[in-house]
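Let's take a friendly walk through this model, stopping at a few residues and a few helix pairs. Keep the viewer open as you read.

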There are 4 protein chains.
Amino acid sequence: MPVFFCSPQLFGLGSVAQVVMGGDSYGNYLSINLGFGLGVTMGIHIGGGVSGAHMNTSVTFAMCLIGNLFWKKLPVYALGQLLGSFLAAVTIFWLYYDALQDYCGGNFTVTGPKATAGIFATYPAPYLSVAGGFIDQVVGTAVLLLCIQAINDQKNCSALSGTSPLVTGLLVALIGISLGSNSGYPINPARDLPPRIFTAMAGWGTTVFSAGNNWWWIPVVAPMFGSVTGVLIYKVFIEMHHPSGSSLYAQGTEESVK
Amino acid sequence: MPVFFCSPQLFGLGSVAQVVMGGDSYGNYLSINLGFGLGVTMGIHIGGGVSGAHMNTSVTFAMCLIGNLFWKKLPVYALGQLLGSFLAAVTIFWLYYDALQDYCGGNFTVTGPKATAGIFATYPAPYLSVAGGFIDQVVGTAVLLLCIQAINDQKNCSALSGTSPLVTGLLVALIGISLGSNSGYPINPARDLPPRIFTAMAGWGTTVFSAGNNWWWIPVVAPMFGSVTGVLIYKVFIEMHHPSGSSLYAQGTEESVK
Amino acid sequence: MPVFFCSPQLFGLGSVAQVVMGGDSYGNYLSINLGFGLGVTMGIHIGGGVSGAHMNTSVTFAMCLIGNLFWKKLPVYALGQLLGSFLAAVTIFWLYYDALQDYCGGNFTVTGPKATAGIFATYPAPYLSVAGGFIDQVVGTAVLLLCIQAINDQKNCSALSGTSPLVTGLLVALIGISLGSNSGYPINPARDLPPRIFTAMAGWGTTVFSAGNNWWWIPVVAPMFGSVTGVLIYKVFIEMHHPSGSSLYAQGTEESVK
Amino acid sequence: MPVFFCSPQLFGLGSVAQVVMGGDSYGNYLSINLGFGLGVTMGIHIGGGVSGAHMNTSVTFAMCLIGNLFWKKLPVYALGQLLGSFLAAVTIFWLYYDALQDYCGGNFTVTGPKATAGIFATYPAPYLSVAGGFIDQVVGTAVLLLCIQAINDQKNCSALSGTSPLVTGLLVALIGISLGSNSGYPINPARDLPPRIFTAMAGWGTTVFSAGNNWWWIPVVAPMFGSVTGVLIYKVFIEMHHPSGSSLYAQGTEESVK
């Protein structure tokens with residue numbers, strides 16, 4: 001089942017792997033943005049009909065909180081998301097195993113000139129404070145939710161049905177282009193935590209949790225707040241001004257990604 | 001209310017911040033073009049149903065001048081646009097506060113090797129004369145309006161309904177790709193002035209107004225002329241040749257962006 | 001009237017100007033591809049309803065030859081295309097006048113380290129023979145026509161109506177990405193000749209015609225052959241295999257660009 | 001007939017040629033991704049109505065294996081695909097003949113600083129083992145098939161009809177962005193083998209087969225396994241969960257590319 005949660009991370013992590021190990025010859029920051037972004041597009045196409053393309057745990061959480069998804073569905077979805085992301089990390093590790101051996105001689109490190117942990121999980125810029133990182137993730141996720149709702153809100157100026165997976169993917173790329181340099185824009189617990197756990201198991205050690213001033217928990221917790229914030233902003237400033245006022249989430253599909 | 005005017009500048013300023021402070025590792029000129037362009041796309045999705053996505057003060061002005069919008073709406077819209085843009089500047093400053101401290105040690109300057117004022121407002125190339133700058137903004141805004149009208153003119157070869165936010169965003173990116181190197185293509189008073197005022201207040205000082213031979217007023221005034229020029233060119237050369245000749249602006253939505 | 005023939009060249013020449021004079025800081029080869037490509041998209045949106053978006057003289061010629069356009073329309077369309085392209089060159093010269101003065105001190109040259117003639121017209125790579133250049137333009141234009149017909153052929157797997165301007169623009173960008181390094185992919189007499197004439201008048205002198213072993217006539221003549229070749233290949237290999245066999249050009253819109 | 005199988009390779013090989021011989025001035029890794037990706041888009045537009053856009057031999061094979069295409073059609077399609085790809089290689093060689101002579105003085109080599117064989121066929125990274133290369137191609141092709149099925153599955157969250165050629169092209173670009181650095185993502189026997197045979201005949205010699213530890217057979221064989229894997233994963237994890245359970249391949253169009 002988690003196969004359809006796997007796609008965004010598979011493409012995203014792959015695009016980082018190419019740039020980290022291959023340098024300019026195999027991409028650049030923009031190709032990483034497109035890797036995660038278009039990966040989300042493919043994830044929605046794959047999982048949209050089965051699970052409503054729920055790929056982002058913080059979004060699933062917000063949907064439960066505002067009453068558009070039963071709480072009992074949360075653990076099922078979250079588990080699928082976490083497993084799918086873990087599976088993506090395993091696949092990328094397997095696919096780029098020869099490359100990893102060649103690049104760092106099997107010496108998997110979190111920091112230093114041949115660091116490779118950043119292929120799998122995010123790490124903050126050296127200057128980023130804990131508060132700054134928390135704000136970064138709240139804002140990034142809130143913006144994601146605000147735009148996703150607009151893209152899919154048929155009572156607003158929504159994207160043409162059938163093109164919203166592409167537009168949503170471009171949104172994720174856009175967040176990377178604009179709000180990504182502080183911490184690599186995880187904006188989703190399921191994007192970040194499972195690959196981090198995988199690296200801890202696969203040879204990078206527990207430094208993956210302690211690095212960046214114990215950065216690991218911020219992409220898990222802060223997106224929850226950001227997601228709820230984004231939903232509320234949209235409801236208060238946009239949705240409540242719609243003529244009929246009925247909820248956008250009645251149909252409950254396609255609104256939760258990355 | 002100004003929340004839906006905020007998006008283009010939020011993404012745009014963020015993309016500049018990444019490139020100014022992070023260099024090639026976090027983007028390039030093309031990513032800035034996409035930041036502003038796709039930011040407009042998202043702005044239309046967010047604000048299209050509520051305000052007709054009026055995000056560009058010069059466009060709102062032109063709409064009033066040709067009789068498609070009541071003059072009394074101009075101050076309301078303009079205020080929303082200015083506040084939204086100011087809010088975007090505050091958010092980006094807040095989001096990249098740690099980065100700014102790290103990059104220039106809290107010494108916010110308008111010129112020099114560590115200049116950061118260009119993250120928020122535009123500054124002309126050193127060679128640009130006042131006349132050249134004025135022409136640059138008139139032409140850029142006229143081209144913007146000419147194309148926006150075509151994209152949304154159902155009697156012409158318009159973009160498929162529901163895809164015009166994306167096509168309009170690509171148009172804004174295209175203007176950056178083609179007509180941006182003289183002055184950073186503000187082409188909208190609301191894009192440029194409020195972030196400039198913010199920087200004056202936040203530590204960059206009044207140099208933000210005097211720099212570039214008092215550049216600040218050109219992105220405020222010239223787009224007004226450009227916008228009217230673009231509307232008139234479209235009316236005279238295209239719209240008047242439509243069979244029925246009825247006005248495109250009857251429906252009054254989606255035609256004013258960035 | 002020629003205003004709607006102006007767009008592709010306006011954006012295209014502008015994107016070259018930024019890269020020639022501004023270097024990596026204002027774009028790269030890919031941004032030039034997008035400048036010409038998305039410029040075609042905008043040109044179709046602007047001119048599609050009035051003139052069928054005829055922007056490419058070689059395409060108009062082919063349409064006449066196969067009987068889908070009256071020959072008497074050829075001079076009218078060709079004149080509009082040539083004037084529009086000339087107008088684009090004038091506008092770009094005007095817009096980047098300060099930049100040109102700054103870049104080369106008013107010394108407009110066709111070759112050398114500060115050459116700027118390439119902003120306006122194409123010049124072949126030093127290695128390119130006359131025969132090689134001719135082949136280059138025949139193949140490039142044939143591929144353009146082959147794909148344009150497919151994109152607009154409702155009996156084939158055509159692009160969704162209303163999205164074909166975008167897909168056609170991406171096609172032009174793609175030709176630049178793939179078939180552009182020999183000679184800058186003019187593939188249209190109207191793209192190349194009028195800006196070249198303009199440069200001869202504006203200070204670059206007659207070298208613009210003699211340069212590249214008298215390159216100037218190849219982008220004028222070879223696309224005519226390429227265009228006819230592309231139309232015939234599509235007719236023989238694709239269109240004649242359609243069930244009904246009726247002509248795609250009955251409606252006569254949107255099939256001739258760049 | 002093979003004319004409509006030609007397009008993806010024509011654009012793809014051309015984009016590699018520009019980067020190999022022209023360097024950064026004529027593209028980069030991302031432009032190669034777009035060359036192959038948008039080339040597939042054009043290939044579907046050209047061949048979709050006539051052949052269902054079957055361009056990938058491994059996909060045609062999988063369709064036969066699962067009973068959606070008669071086995072007797074396999075040799076016809078495969079032959080067309082191989083001839084089309086060979087024709088593309090001939091055209092690119094012809095088009096860039098002057099450039100090749102200039103770049104390497106007519107000394108066509110597979111390795112070394114002026115190697116040009118990589119324009120036509122793929123070669124693995126030096127570190128890649130045979131097993132690693134096989135896995136690379138199985139995974140890459142499986143992901144291709146998984147996503148193509150989702151993009152075209154009307155019972156899932158499919159792409160809007162008429163936009164699937166573009167989305168499929170972006171998928172191919174995405175695979176290059178994410179899963180391409182090990183071996184250049186052939187993921188299709190017809191993309192790789194015929195241009196390789198052409199180079200053997202045109203002056204590069206039999207080294208094109210022995211290079212990379214006899215790499216040539218992996219892009220021929222491994223995609224067959226990957227294609228079947230991708231189809232099965234989609235059937236088991238997605239399609240079998242559709243309410244009605246009827247086969248996606250009844251219509252049999254557009255599902256086989258690159």
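Ile187(B) is buried, since its relative accessibility is 0%. In this predicted model, Ile187(B) belongs to the loop that runs between α7 (164-179) and α8 (189-204) of chain B. Its C-alpha atom lies 8.3 Å from that of Asn56(B), although 131 residues separate the two in sequence.

The corresponding stretch of chain C offers another residue to look at. Asn182(C) sits in the loop between α7 (164-179) and α8 (189-204) of chain C. Is Asn182(C) buried or exposed? With a relative accessible area of 0%, Asn182(C) is buried. Its contacts, leaving aside neighbours within four places in sequence, come from two chains. From chain C they are Pro124(C), Ala125(C), Tyr127(C), Leu128(C) and Asp136(C); from chain D they are Leu95(D), Tyr96(D) and Ala99(D).

Not every pair of chains meets in this way. Chain A and chain C do not touch, and their nearest C-alpha atoms are 11 Å apart. Chain B and chain D are likewise without contact, with 11 Å between their closest C-alpha atoms.

Staying with chain C, Val20(C) is part of helix α1 (residues 7-22). Val20(C) counts as partly exposed, because its relative accessibility is 27% and the partly exposed class runs between 20% and 50%. Beyond residues up to four places away in sequence, Val20(C) touches Tyr103(C), Ala115(C) and Ile119(C). The C-alpha atoms of Val20(C) and Lys114(C) are separated by 8.7 Å, while the two residues are 94 apart along the chain.

Next come two backbone torsions worth a look. Asn213(C) is not a glycine, yet its phi is positive, at about 60°. This residue is found in helix α9 (residues 207-214) of chain C, and it is exposed, with a relative accessible area of 55%. In chain D, Asn213(D) also has a positive phi, near 60°, and is a residue other than glycine. Asn213(D) is found in helix α9 (residues 207-214) of chain D and is exposed, with a relative accessible area of 57%.

Now for the helix pairs. Two packed helices are described by the angle between their axes and the distance between the axes. Here are three pairs in those terms.

| Helix pair | Crossing angle | Axis distance |
|---|---|---|
| α6(D) and α7(D) | roughly 155° | within 10 Å |
| α6(A) and α10(A) | about 40° | 7 Å |
| α1(A) and α4(A) | roughly 35° | within 8 Å |

The axes of α6(D), residues 130-152, and α7(D), residues 164-179, cross at roughly 155°. That makes the two helices roughly antiparallel, and their crossing is right-handed. On the α6(D) side, the contact is made by Asp136(D), Gly140(D), Val143(D), Leu144(D), Cys147(D), Ile148(D), Ile151(D) and Asn152(D). The α7(D) side brings Ser164(D), Val167(D), Thr168(D), Leu171(D), Val172(D), Ile175(D) and Leu179(D). Sorted by class, the residues of this contact are 10 nonpolar, four polar and one charged.

How many residues of α6(D) are buried? The helix is mostly covered, with 20 of its 23 residues buried. Its length also works out: at 1.5 Å a residue, its 23 residues should span 33 Å, and its end C-alpha atoms are indeed 33 Å apart.

In chain A, α6(A), residues 130-152, packs against α10(A), residues 218-237, at an angle of about 40°. The two are therefore oblique to each other, and the crossing is right-handed. Among the residues in contact are Val130(A), Phe134(A), Leu145(A) and Leu146(A) from α6(A), including also Ala150(A), and they meet a set in α10(A) that includes Ile218(A), Phe225(A), Ile233(A) and Tyr234(A). This contact divides into 15 nonpolar, eight polar and no charged residues.

The remaining pair is α1(A), residues 7-22, with α4(A), residues 73-95. The crossing is right-handed here too. Gln9(A), Leu10(A), Leu13(A), Gly14(A) and Ala17(A) of α1(A) meet Ser85(A), Ala88(A), Ala89(A), Thr91(A) and Ile92(A) of α4(A). By class, the contact of α1(A) with α4(A) has six nonpolar, four polar and no charged residues.

Key
Residues are numbered from 1 along each chain as its sequence is written. Chains are lettered from A and ligands numbered from 1 in the order in which they are written. This is a predicted model: local features need pLDDT of at least 70, side-chain atom pairs count only at pLDDT 80 or more; totals for chains, interfaces and linings use all residues. Side-chain values use heavy atoms; hydrogens and water are left out. Axes are lines fitted to C-alpha atoms, for helices over the stretch in contact, and angles run from 0 to 180 degrees between N-to-C directions. Helices (H or I, at least four residues) and strands (E, at least two) are DSSP runs, numbered from the N terminus. Angles under 35 degrees count as roughly parallel, over 145 as roughly antiparallel, 65 to 115 as roughly perpendicular and the rest as oblique. A crossing is left-handed if the near helix is turned anticlockwise from the far one by less than a right angle, and right-handed if clockwise. Contact means heavy atoms within 4.5 Å. Ala, Val, Leu, Ile, Met, Phe, Trp, Tyr, Cys and Pro count as nonpolar, Asp, Glu, Lys and Arg as charged, and the others, Gly among them, as polar. The expected span of a helix is 1.5 Å times one less than its number of residues. Buried means under 20% relative accessible area, exposed over 50%, partly exposed in between (1.4 Å probe, protein chains only).
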